[in-house]
Structure formats: structure tokens, C-alpha cells
Amino acid sequence: MLQTGDFESLLKGVVIRRFYTAKDGRVWLATQKQGTYVISGDRQSVLKLETPPSRQAAANTAIAETDNGEIWLSGTLGIEIRDAASGRLKKTLRGNLLDKYGLRGDLVYPLLTSRSGLVWLGVTNVGLQYYNPQSDKFRHFDKYAPQLKTTFDSYLANVLKVSESELLVLNQHAPTRLDLTTGYADPLLKEQADRNTQFFSAVKQSEDVYWLGGGNGNVFRFNITSQTLNEFKLPLAKNDGVFVRHLALSHNDELWIGSDRGLAKLNVHTLAFSKPANIDGTPFINYVRELMVDTQNRVWVGTTSGFGVIDKNRNEVRLYSKESGTEGTLRHNTIVQFLQNRRGEILIYNKSGIDRLVEHENDIMRLVPFADQATADMDNEDVLFQLANGEYRLGARFLLNENGKPIHKFGEADGVRESGHGRSIIPINDGLLHTSINGLVLMTQDAGEPWHYEPPLAITELSVGNQPLTFDYMQPNIRVAASANQFSLRFAALDYSAPKANRYRYKLLGYDTDWIDTPADVRQAKYTSLPPGEYSLLIEGSNRNGNWNNAPLTLTVSVEAKFFETGWFKALVLLLGAVVIAALFRWRLALAKTKQREAYEKREAIRRAEMMTELMDQKNKMLAEVTHDLRTPLAMVKMQLEALQDGVLQADEKSYDTMQKRIAGLNQLVGDIYQLSLMESSALILNKQSVNLSELLASAVDSFLPMMQQKNIRLELCNDTSGELKLMLDESRFNQVLNNLMKNSYRYTDEQGLVRITLTQGDGRAVVCFEDSHPAISETELERVFERLYRAQSTRDKSKSGSGLGLWICRSIVEAHGGEITASASPLGGLGITIKLPL
């Protein structure tokens with residue numbers, strides 16, 4: 001009974017232990033065993049709230065208000081929860097150590113509502129507990145509620161919806177009607193004799209008539225209005241101990257009955273039984289775990305060895321299993337549940353997960369996995385239910401999209417508890433009722449909304465260089481001195497609803513390229529040996545659903561440079577490095593030069609040695625050839641002189657001419673040798689004068705014409721220049737070149753041959769070309785004709801008096817004049833010599 005009055009009349013003598021100003025401005029008072037009072041917002045009146053007898057001796061010590069409009073008062077007898085607007089007592093909580101989700105003790109002194117909306121309780125001899133008001137979206141009915149203890153302290157076999165506020169609960173004791181509004185349970189059967197009957201399944205035929213499956217091969221027709229219960233025995237050889245676990249009504253009022261011994265059908269109008277058989281006519285004897293009638297009035301039968309399908313108006317069961325009729329696409333033969341979704345697809349829940357039927361042709365069914373990610377994350381078999389928007393509920397824990405992909409997973413922090421194997425999900429009012437073997441969970445319409453709280457971040461530990469420091473939130477910066485080598489800090493996201501599910505990451509701008517994740521049980525950022533400079537450390541935390549806070553915690557990190565990281569030290573190191581590199585470079589360069597000089601000197605020594613060897617070989621060869629060339633004419637002259645002395649040879653003009661020719665040849669050979677010595681000793685001196693090259697060539701041709709005629713060799717001079725062509729030449733030396741070339745042409749040109757001399761000019765040079773007819777010399781020999789003492793193999797038999805020095809002397813004289821001389825094959829068939837002289 002509520003009492004209203006003024007301060008004087010109601011609060012006189014009241015021991016007030018706590019004041020609390022609610023969100024509506026009213027003041028709540030916690031008293032010492034004197035009840036609960038509320039002072040109006042205008043402070044003009046006081047309201048004393050009604051206190052139940054069980055709370056009369058409670059000394060209230062603390063008050064807190066939740067975000068869902070409740071006022072919590074704690075004290076010596078647990079918690080009382082009142083409506084913040086009306087003050088009505090909604091619930092009392094007492095300590096219960098058997099309930100892992102309940103209050104752990106009666107002595108609750110402090111209460112606090114955190115920013116996230118959690119209500120924190122200080123329980124004596126226990127510690128801290130918290131309650132999430134959002135978990136009210138999952139309302140549990142189990143044995144820990146005193147009025148429901150009898151209903152839920154045993155195995156729940158089945159739950160059936162009677163109305164939007166009432167359920168039929170079947171357990172191991174007796175069927176119970178549960179009022180969802182008050183939470184109280186009443187027996188379904190009023191007759192005491194009927195209450196001992198056990199029921200394991202139920203189906204609703206009409207508002208008054210229910211069919212119940214018993215435990216001895218029987219079914220019961222129960223009229224809830226008249227309270228009449230009629231039993232029907234299944235057509236079995238033995239009914240005792242046969243549990244009827246599933247019932248299903250077809251669209252033509254046929255009751256399908258699934259038991260431990262197979263399947264039966266009951267016409268609810270004629271009350272006649274029939275027993276379906278296998279497609280081959282043999283009896284259908286299987287443990288039936290599940291029944292479903294689809295929109296085509298086909299009956300789907302779930303067993304422990306696969307599933308069967310009974311077509312409309314037929315009484316034969318066609319069996320499908322992992323081994324038969326599904327081509328192995330059914331992943332397990334133990335069937336848990338059937339569901340036909342809004343697209344007409346059949347979903348088959350089995351021990352290995354959920355399979356979706358995608359093709360049914362020629363008595364072959366093909367299935368594909370569905371919702372694999374969610375079923376793999378489940379500890380117990382549960383039940384699948386499709387919502388009006390096409391999404392699915394998989395038990396109380398998972399919300400799936402139309403394709404079976406998880407949208408959200410709910411846990412203890414959301415209010416979902418462990419409840420064992422799921423039985424069914426029943427739409428009721430604006431929510432869903434999830435039934436399991438251990439209890440019921442009523443989920444509100446917005447139970448699918450995830451936790452959106454964005455927790456603030458707090459720095460819990462800070463150390464720089466292994467020295468613990470106190471973090472200053474007013475100046476969020478970290479200074480790392482030059483003497484310190486590292487810093488580390490720990491942090492926490494202040495979402496305590498499920499701390500282990502919070503996520504953490506950090507990134508040091510200017511150093512890290514990506515975010516670095518750190519586990520919830522570590523929550524630490526640590527850096528060692530950072531380069532000196534200014535950095536920004538960003539830290540982010542998430543709530544239990546993984547939603548990151550929008551504004552990361554930002555800290556400024558200043559790392560001072562160590563002495564060896566300063567600019568002057570680096571400059572000094574660079575300078576020393578440059579000096580060392582320069583010294584090393586100079587040393588290496590000197591070493592390289594020394595090695596290069598040694599290699600050069602070695603190569604030069606080898607070259608000189610080779611050259612000396614070659615010169616000695618040439619000298620020896622020359623001496624041998626000169627000796628041979630001198631000995632032969634000398635021997636001839638000696639023989640002629642001895643012949644003249646002995647009178648063998650007459651002293652006539654012919655004899656003297658012959659000796660004169662021999663002596664002339666000797667003189668020429670000596671001249672060539674002398675010329676060679678001048679060339680090698682660089683003692684050749686040129687007396688250059690302006691010389692008319694055209695006249696010089698014409699004179700040489702005239703002087704050699706009689707000699708050429710002796711072998712019938714034609715000698716031609718072709719002058720293609722205009723006017724006089726004067727050059728600075730040593731006339732005698734150049735005449736020697738012309739004479740040598742003329743003599744070679746005479747010696748080595750076949751009789752009746754041709755020798756052509758051509759004079760041209762161009763590019764600032766005069767060009768003299770000697771060409772003769774056969775014989776020719778090879779390409780290899782052309783490259784060597786200017787070597788001293790070399791005579792072409794093809795010319796050796798032409799004249800035995802040649803020394804091999806003529807062309808070498810020609811080259812030396814031409815090069816001394818700044819010109820060049822080359823040899824090539826003559827168009828006339830012999831040798832061509834070309835001389836180019838600067839004008």
C-alpha cells in the first residue's frame with residue numbers, strides 16, 4: 001500500500017542511509033529497515049513505497065538507476081528492482097550459488113551504473129558482479145526462479161504454444177501451463193490420476209483439442225476445455241516403453257506419429273490407424289527423431305539412419321541417406337530438424353551441420369552445406385527458424401542472413417546462457433521463444449541489435465626505459481630521454497561486459513605503416529631503439545562486438561637523440577669516414593698504379609725480350625742471307641779472276657762487264673745494309689727541297705725504260721694532275737724509293753708484262769700508284785711485304801740477289817716524309833703499291 005504525505009509525517013524518525021536523484025528529478029531514499037521513500041521533484045511531498053514482507057527486514061545501502069527505466073536498491077537481503085516511473089516492485093534478487101548467472105550473495109552494499117549502462121554490484125565475500133540491462137532482451141525461464149523450480153528441474157521434452165501469453169510445457173513429471181506474463185506455472189491436467197502420465201510430444205489441433213504423445217506406444221486426445229483425456233494405442237506388437245517423440249498434423253487432418261519403433265498415421269476424424277511401409281513394401285521400423293509436413297503436404301521423416309519422404313496421399317516411405325539417394329551430399333544420417341524456408345527450399349539439420357536441398361530429380365536428392373560457419377561454432381545441436389524478413393535464427397546465439405552467413409553472434413554478455421540442446425523456436429507476441437532441454441528464453445523483437453557502446457580508452461601502465469611513470473591525461477605525451485632505449489604502455493577499453501572479446505590495435509605515425517594488433521590479455525604497445533624525432537601514437541579499442549571507437553587515443557611521443565645520433569656527431573663521422581675513404585682510395589690508387597707499373601714494366605720487359613729475340617733472329621737471318629748474298633758474287637768474281645790468271649778465261653770486255661755487274665750488285669747490297677743501319681739508328685737526314693713530282697716520275701720512267709724493254713715489259717706513266725705538282729722532298733731519297741719500286745717491278749713481272757705508274761692528287765695529298773701484271777702474291781703475304789728481310793714466297797725464285805730490304809727502305813723514306821705507303825692486289829694481276837704524300 002502506497003503512503004503519501006509531507007516530510008514531517010512520513011520521514012520523522014526514519015534512518016536514511018542513501019540519497020539518489022533519479023533522471024526524472026525525484027529523490028529516492030534508502031533506509032535502515034524502514035522501507036523505500038521517494039521525494040517528489042518539487043520537494044513538496046514524500047511517497048512511501050509498498051514493501052513486501054520478505055523485504056521488511058532489509059537494510060538498503062545503495063541506489064542505482066539503469067538505462068531501461070529501473071531503480072535498483074541493494075542491502076542486506078539482496079536486491080529489489082523497481083520501476084523508475086511508478087515505483088512498482090518488479091523483482092527481487094537473492095543470493096544463489098547454484099545459479100552461475102545469478103546473484104552470488106545477499107549482502108550487496110555498493111551499486112554503480114557505468115557509462116556503458118552496466119550495473120555494478122559489490123557482493124560481500126564474493127567481489128564485483130555486474131548486470132547488463134540489455135540482457136533483458138533475453139528473458140530466461142528456468143529452475144532458478146522459485147515459482148518455476150518444479151517445472152524446469154527436469155528434462156524438458158517439448159513446449160507448445162497455447163496462446164500469446166501461455167505455453168504448454170512437457171517435462172518428466174507432468175504437463176504444465178506456463179503464464180509468460182506472471183511467470184507462474186499450473187498443471188495442465190486437473191485430475192490427480194492423470195497427472196502421473198508422462199508426455200513427450202504435443203500438437204495443437206484446435207483451440208480446444210490437443211494431441212499428446214505418451215511413453216508407452218500411445219497418444220492422447222486432450223480437450224482443454226472439458227479436461228477430457230482419451231488414450232489411443234499404436235498398432236505395435238509391443239507398446240510398453242515405446243516413446244512417442246514427435247507428432248505432426250497434415251493439411252488433411254491426418255496425425256503423423258513418430259516413435260522409437262517407427263511411424264504411424266491416425267485419421268483424427270475416424271480415429272483409424274495405418275502404418276506406412278518402405279517403398280519396397282517392407283515395414284518401416286526406424287527411430288523417428290523429427291517430423292515435418294511441407295507446403296505440398298509431403299511428410300518428411302527424420303531418423304538416425306537418414307530421412308524419408310512420404311508424398312501426398314501416399315503411404316510409402318522413400319528413404320534417403322548419406323550412402324543412398326543423395327550421392328553422398330547428405331553429410332550425416334542422424335537428422336535433427338527439417339525446415340522449409342520462404343522460398344520453398346528444404347533445409348535438413350543433421351549431426352554434421354545443415355544441408356540445403358538444391359535438386360530433386362529421378363529419386364535423387366542433391367544437397368549443399370548451409371550456415372557452415374555458424375554450426376561449426378556451436379557446442380550443442382540447436383534449432384533453425386526463419387524470420388519474416390528472410391533472416392534466420394539459429395538457436396538464441398546466431399542471427400544469419402538469407403544465405404546462412406552470420407550477421408551476429410550473441411553471448412553471455414548479451415544475455416544468452418548455455419541451455420543445452422535446442423528444441424524449437426516459437427513466435428510469440430513480438431518476440432521469439434527459444435526452447436531447450438533446460439529451459440526457455442524469450443527473445444524480444446530488438447534482441448538482434450548488437451552492442452553499440454563505444455568504450456573510452458584508458459592508459460593503465462606506462463614505463464620509459466624500464467622506469468614506471470604516471471600518465472598525465474592533461475598532457476598526453478611521452479618523452480623518451482637520450483639515456484632511455486625503449487618505452488611501453490598498457491591500455492584498456494572500458495567495456496567490461498565481455499572484456500576478453502575487446503580488440504586492440506595501435507600505430508606509431510612516422511614509423512609503422514600498418515596497424516598492429518595486440519591481444520586482449522596483453523594490451524601493450526612497446527617500442528625499442530626508435531630514431532630520434534616527434535611521433536604520434538594512435539591507440540584504438542573496440543567493444544565486445546569488435547566495433548572500434550571513432551576517435552583513437554592520440555599520444556605525442558618525443559624521442560631525444562643520443563650523442564651518436566646528433567648532427568654534429570654524424571658530421572664528424574662523415575668527415576672521418578671521408579678522410580679514411582680518401583686515404584684508402586689514395587692507397588688503393590697508389591697500389592693500383594704500382595701494380596700497373598709493375599705489370600707494364602713486366603710486359604715491356606717481355607716485349608723487349610721478345611723483340612730482342614726477334615731482332616737477333618732477324619739479325620742472324622740477315623747475316624746469313626747477307627753472307628750468302630755476298631759470298632756468291634764474291635766467289636764468282638774470285639773464280640773469274642783465277643780463270644783470267646790461269647788463262648782459262650780471256651781478258652775481254654765481256655769478262656770485265658760480268659765482274660763489274662757482280663761488283664755493282666755487291667755495292668748495292670752494302671748500300672742497302674748501310675741504309676738499314678741509318679733507319680734503325682734514326683740517323684736518316686732528309687734534305688727537303690721543292691721538287692716537281694711529275695718531272696721526277698717522268699725522269700725515273702725514262703731511265704728504266706731500256707731495262708724494261710729487255711723483258712718486253714711495257715712501262716706506262718699516267719699523270720692525272722693539272723700543271724706542275726711540287727712537293728717538299730729529299731729528291732735523292734725519293735729517287736731511291738722510285739728506283740726500288742721500278743727494280744721490283746722489273747724483277748718480278750713476267751716477260752711481256754705491264755707496269756703502270758699513276759700520279760693523282762686529292763684531299764691535300766699527292767698519290768703515286770705502281771701497278772704491275774702477273775705474278776701476284778697472296779693476301780697473307782701482302783700484310784708482310786714491308787717487313788725487313790721479308791721476301792714473298794712466290795717471288796723467291798725470280799731473283800736470288802734480292803735482300804728483302806727494298807720495300808722496308810721505301811716505307812721508312814715515305815714515312816719520314818710524312819706520307820704513307822700500302823700494298824694491295826693490282827687490277828693488272830700483280831702487286832699494287834700506293835704512296836700518299838702531303839702537298
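This section describes two open sheets, a helix pair and a run of paired strands in a predicted model.

An open sheet of four strands occurs in the order β6-β7-β8-β9, and its pairing is antiparallel. The edge positions are held by β6 (60–65) and β9 (89–93), each of which pairs on one side only. From one strand to the next, the twist averages 20 degrees. Within this sheet, strand β7 (residues 70–75) and strand β8 (residues 78–83) run antiparallel and are joined by six bridges. One residue pairing between these strands involves W72, whose bridge partner in β8 is I81.

A further open sheet is formed by four strands in the order β31-β32-β33-β34, again with antiparallel pairing. Here β31 (335–340) and β34 (364–370) stand at the edges; each has a single partner strand, so one side of each is left without a neighbour in the sheet. Neighbouring strands of this sheet are turned against each other by 30 degrees on average, direction ignored. The edge strand β31 is joined to strand β32 (residues 346–350) by five bridges, and the two strands run antiparallel. L339 has L347 of β32 as its bridge partner. In general, strands of a sheet pair through backbone hydrogen bonds, in either a parallel or an antiparallel sense.

Attention then turns to the helices. Helix α7 (residues 731–748) and helix α9 (residues 806–816) have axes that come within 9 Å and cross at roughly 150 degrees. Angles over 145 degrees count as roughly antiparallel, and α7 and α9 are therefore roughly antiparallel to each other. The crossing in which α7 passes α9 is left-handed. On the α7 side, the contact is made by R733, F734, Q736, V737, N740, L741 and N744. The α9 side contributes G806, L807, I809, C810, I813 and V814. By residue class, the contact of α7 with α9 comprises eight nonpolar residues, four polar residues and one charged residue.

Helix α9 is largely enclosed by the rest of the structure, because eight of its 11 residues are buried. The buried residues are G806, L807, W808, I809, C810, S812, I813 and V814. The buried set thus includes G806, L807, I809, C810, I813 and V814, which also take part in the contact with α7. After α9 comes G818, which has a positive phi, near 80 degrees.

The remaining elements are strands linked through β55. Strand β54 (residues 754–762) pairs with β55 in the antiparallel sense over eight bridges. In this pairing, T758 has C769 of β55 as its bridge partner. The two strands, β54 and β55, form a hairpin with two residues between them. In the turn of this hairpin, D763 has a positive phi of about 55 degrees. Strand β55 (residues 765–773) also pairs in the antiparallel sense with strand β57 (residues 829–838), over eight bridges. In that pairing, S773 stands opposite G829 of β57. Strand β55 is mostly covered, with eight of its nine residues buried. β55 is thus paired with β54 as well as with β57.

Definitions and conventions: Residues are numbered from 1 along each chain as its sequence is written. This is a predicted model: local features need pLDDT of at least 70, side-chain atom pairs count only at pLDDT 80 or more; totals for chains, interfaces and linings use all residues. Side-chain values use heavy atoms; hydrogens and water are left out. Two strands pair if DSSP finds at least two bridges between them. Axes are lines fitted to C-alpha atoms, for helices over the stretch in contact, and angles run from 0 to 180 degrees between N-to-C directions. Angles under 35 degrees count as roughly parallel, over 145 as roughly antiparallel, 65 to 115 as roughly perpendicular and the rest as oblique. A crossing is left-handed if the near helix is turned anticlockwise from the far one by less than a right angle, and right-handed if clockwise. Contact means heavy atoms within 4.5 Å. Ala, Val, Leu, Ile, Met, Phe, Trp, Tyr, Cys and Pro count as nonpolar, Asp, Glu, Lys and Arg as charged, and the others, Gly among them, as polar. Buried means under 20% relative accessible area, exposed over 50%, partly exposed in between (1.4 Å probe, protein chains only).
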